[in-house]
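Student: I am new to this structure and should like a close look at one part of it, namely the ways in which side chains and strands are joined. Would you please take me through it step by step?

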Amino acid sequence: MLGGAGLLLGVAALPAQAAEVSFATHCVPPAGLDPVDGTTKVEITAPATAKVGDTVEVVWKFVQAASKNPDIIDLPANSVQPSGTLKAAGAQSADIAMQGPRENPAIPKGAAMVLSDMKGTLKLTAPGTVTLTPGAYTVNAMSTDTRCTPTSTVQQAASIEVSAGGGGTSSSSSSASVTPSGSPTDTASPTGSASASVSASASDGTGQTDFTGKQVQVPYACKTPIGDKNATSAVRIDARKDGGNFALTVKFGQSVMDSPADIPKGSVKPSMEVVLGGADHGTVHVEGPLNADVIKSGDPIEIPDLTGTYKPGASGESTLAPGVLTIEALGTTTTCTPTSSQVSLTLDTTEQASGASGSTSSGTSSGSTSTGGGLAETGAGDHGALKALGLVAGTAILLGGAVFTFMPRRRTR
């Protein structure tokens, strides 16, 4: 109550009053999941009285979310952030932007959603009664949005009696100055264009042992636990000659996305099937290490270098292109398949016993070419960058499906 009564700009605290309202709600989750209709209960706290010219803080407390966390995946602590609109009417009209911090306890599958309190401010511009009514709101869970809209008339939840004397206008329908007072959303989506590096072609006759591939923009189609996604990612394949074999390193661009929540160490495992072409064919399995440290909320998310060994199965010019990318994280798997082939590196190869040539080649482990998959839309910086690929560290896409707007026992299609 005291928090809801606090006024900005040095104005003395005023008595606060709170009221609870319930309203039918229609929520639309990310693509691939069914909408749901439920009931939202909120409590609005605001000063009971104020003067024209005062800037007052109002608080939106979720008493009950529209539904429980579905039986898809556990939501980590501090992975959910609400925002919404509180409508002011009466003596003045305004849409008050409300936002809460990304703060929540860990929410198991099937458990009740816990959403932080949202806050906003309103500058009072006219004397009279100002009523406050909840409007639409959005829940951002692991960088995916679920938008919820009232489907029936919502009762006013609080009112402020505004007296003259503090300045401002006397118009009964004036436009208010409104400012959100929560933590900013953790969304980062800068765009950039990759500048491809020069492709190197290996030749046994030159004595060259290190070969740098060309950075290519790879369009992906991904299958995630919450549905299909599309993306383009900057990828480069490098090689180091070791006898007749090649040690491969697949590099992704520097991440420009921050983690929306804490990710435990040892919980994310990326891998890829590099596709062979030209003289040789088959795939080479490369993989990266588990994340060695906790990825803190707000820290950059990056895919580590993926490594493996290419044993040629044919002599001649063999090409290497990024193939199926797989991310295993927190018990879920996301598979991403290129929708077109782009060669990153060409090597002069000499056939080795038990080499690739139509079968999977040996390395740290091996895999075969496969289909099906999906990423989120990405971009690139100087060396390429995954900008919306939450799955790069097994976060936003992998974990984003468990949004509160699904009724218990409700399943995906």
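Tutor: The account below begins with a strand and its aromatic neighbours, and then turns to the disulfides, the salt bridges and a single serine.

The model is predicted, so local features are reported at a pLDDT of at least 70 and side-chain atom pairs at 80 or more, while totals for chains, interfaces and linings use all residues. Residues are numbered from 1 along each chain as its sequence is written, and side-chain values use heavy atoms, with hydrogens and water left out.

Let us start with strand S4, which covers residues 55-64. Strands (E, at least two residues) and helices (H or I, at least four) are DSSP runs numbered from the N terminus. Seven of the 10 residues of S4 are buried, so this strand is largely enclosed by the rest of the structure. Here, buried means under 20% relative accessible area, exposed means over 50%, and partly exposed lies in between, for a 1.4 Å probe and protein chains only.

Two strands count as paired if DSSP finds at least two bridges between them. Strand S2 (residues 36-47) runs antiparallel to S4, and five bridges join the two. Within this pairing, Lys-61 of S4 has Glu-43 opposite it. S4 is also antiparallel to strand S7 (residues 118-123), to which six bridges join it. There, Val-56 has Leu-122 of S7 as its bridge partner. In a regular strand, side chains alternate between the two faces of the sheet.

S4 also takes part in aromatic pairing. Rings of Phe, Tyr and Trp (its six-membered ring) pair if their centres lie within 6.5 Å; planes under 30 degrees apart are stacked, those over 60 are edge-to-face, and the rest are tilted. The structure has five aromatic pairs by this rule. In one of them, the ring centres of Trp-60 and Tyr-137 are 6.0 Å apart and the planes stand at 70 degrees, so the arrangement is edge-to-face. Trp-60 belongs to S4 and Tyr-137 to strand S8 (residues 128-141), so the pair ties together parts 77 residues apart in sequence. Both rings belong to buried residues: Trp-60 has a relative accessible area of 0%, and Tyr-137 has 1%. Together with Phe-62, Trp-60 and Tyr-137 make up one aromatic cluster.

We come next to the disulfides, each a pair of cysteine sulfur atoms within 2.5 Å. The structure contains two. One joins Cys-27 to Cys-148, with an S to S distance of 2.2 Å. This link is right-handed, with 115 degrees about its S-S bond. Distant parts of the chain are thereby linked, for Cys-27 is in strand S1 (residues 16-28) and Cys-148 in strand S9 (residues 144-150), 121 residues apart. Cys-27 and Cys-148 are both buried.

The sulfur atoms of Cys-222 and Cys-336 lie 2.4 Å apart and form a disulfide as well. The torsion about this S-S bond of Cys-222 and Cys-336 is about 120 degrees, so the link is right-handed. Cys-222 sits in strand S13 (residues 216-224) and Cys-336 in strand S21 (residues 332-338), so the pair ties together parts 114 residues apart in sequence. Cys-222 is buried at 0% relative accessible area, and Cys-336 is buried at 0% too. When the bonded cysteines are numbered in sequence order, the pairing reads 1-2, 3-4.

Charged side chains supply further links. Side chains of opposite charge can pair when their charged atoms come close. A salt bridge is a side-chain nitrogen of Lys or Arg within 4 Å of a carboxyl oxygen of Asp or Glu. The count is seven salt bridges. Among them is that of Asp-210 with Arg-240, whose closest N and O atoms are 2.7 Å apart. Asp-210 lies in strand S12 (residues 210-211) and Arg-240 in strand S14 (residues 227-242), so the bridge ties together parts 30 residues apart in sequence. Asp-210 is partly exposed, at 40% relative accessible area.

Another salt bridge joins Asp-238 and Arg-236, at 2.8 Å from N to O. Asp-238 is buried at 11%, and Arg-236 is buried at 17%.

Finally, Ser-271 lies in strand S16 (residues 268-278). Ser-271 is buried, with a relative accessible area of 14%. Apart from neighbours within four places in sequence, its contacts (heavy atoms within 4.5 Å) include His-285, Glu-287, Leu-306 and Thr-326.
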